[in-house]
Amino acid sequence: MNWLYLGIAVVFEIAVALSAGNAKGFTRPGWTIATLVTGAIGTFFLSLALLTFDVGVGYAIWTSAAGVGIVVLGALFFGQKLSWGKSLGILLVIGGVAGLRLSGAA
């Protein structure tokens with residue numbers, strides 16, 4: 001169940017980033033509210049996952065997976081360039097997360 005909670009937290013962290021980007025410095029009330037609400041929900045699910053994960057490992061996986069998701073979505077839906085350097089970075093992040101998992105993290 002801890003992986004499910006962490007997965008939900010990742011989805012909401014991606015939503016935070018997308019909402020914050022559209023909030024334009026918190027000048028757009030609807031997007032500002034979306035940023036705050038999705039941030040609260042994501043943090044709630046992260047806290048549930050951290051009941052069984054080591055804090056450092058859980059947080060590292062959460063931020064890494066969300067970061068990869070944001071970069072990929074940016075390339076797919078927002079016309080952001082996915083260079084070879086970004087692609088290499090994504091592979092390194094995935095390798096790091098896999099390494100944390102293989103080390104026995106939760």
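**Exercise 1. Find which residues Ile-61 touches, leaving out residues up to four places away in sequence.**

Solution. Start with the list: with those sequence neighbours left out, Ile-61 touches Trp-3, Leu-6, Phe-53, Val-97 and Leu-100. Keep in mind that this is a predicted model.

Next, place these residues on the helices. Leu-6 is one of the H1 residues that meet H2. Val-97 and Leu-100 sit in H4, and both belong to the set that H3 meets, with Ile-61 itself on the H3 side.

**Exercise 2. Work out which nonpolar core Ile-61 belongs to, and which elements build that core.**

Solution. Ile-61 is part of the largest nonpolar core, which has twelve residues. Its companions there are Leu-6, Ala-9, Val-10, Ile-14, Phe-45, Leu-46, Ala-49, Phe-53, Val-57, Trp-62 and Ala-66. Now sort by element: H1, H2 and helix H3 (55-77) each give two or more residues to this core.

**Exercise 3. Describe how H3 packs on H4, and say whether the pair is roughly parallel or roughly antiparallel.**

Solution. First the geometry: H3 and H4 (residues 84-102) pack at about 155°, and their axes are 10 Å apart. Angles over 145 degrees count as roughly antiparallel, so H3 is roughly antiparallel to H4. As for handedness, the crossing of H3 and H4 is left-handed.

Then the make-up of the contact: by class, there are ten nonpolar residues, one polar and one charged. On the H3 side you'll find Val-57, Ala-60, Ile-61, Ser-64, Val-68, Val-71 and Val-72, and on the H4 side Lys-86, Ile-90, Val-93, Val-97 and Leu-100.

**Exercise 4. Do the same for H1 and H2: give the angle, the direction and the classes of residue in contact.**

Solution. The axes of H1 (residues 2-23) and H2 (residues 29-49) come within 7 Å, crossing at roughly 160°. That angle makes H1 roughly antiparallel to H2. This crossing is left-handed.

On to the contact: it holds 16 nonpolar residues, eight polar and no charged ones. Among the H1 residues involved are Tyr-5, Phe-12 and Val-16, while H2 brings in residues including Trp-31, Gly-39, Gly-42 and Phe-45.

**Exercise 5. Step back to the whole chain: which elements does it have, and how much of it is buried?**

Solution. Count the elements: four helices and zero strands, running α-α-α-α from the N terminus. For burial, 25% of the 106 residues count as buried.

Now the overall dimensions: the C-alpha trace spans about 45 × 35 × 15 Å along its principal axes. Finally, take the contacts with a separation of 6 or more: 62% of them come from residues 24 or more positions apart.

Notes: Residues are numbered from 1 along each chain as its sequence is written. This is a predicted model: local features need pLDDT of at least 70, side-chain atom pairs count only at pLDDT 80 or more; totals for chains, interfaces and linings use all residues. Side-chain values use heavy atoms; hydrogens and water are left out. Axes are lines fitted to C-alpha atoms, for helices over the stretch in contact, and angles run from 0 to 180 degrees between N-to-C directions. Angles under 35 degrees count as roughly parallel, over 145 as roughly antiparallel, 65 to 115 as roughly perpendicular and the rest as oblique. A crossing is left-handed if the near helix is turned anticlockwise from the far one by less than a right angle, and right-handed if clockwise. Contact means heavy atoms within 4.5 Å. Ala, Val, Leu, Ile, Met, Phe, Trp, Tyr, Cys and Pro count as nonpolar, Asp, Glu, Lys and Arg as charged, and the others, Gly among them, as polar. A nonpolar core is a set of buried Ala, Val, Leu, Ile, Met, Phe, Trp, Tyr and Cys residues joined through side-chain atoms within 4.5 Å. Buried means under 20% relative accessible area, exposed over 50%, partly exposed in between (1.4 Å probe, protein chains only).
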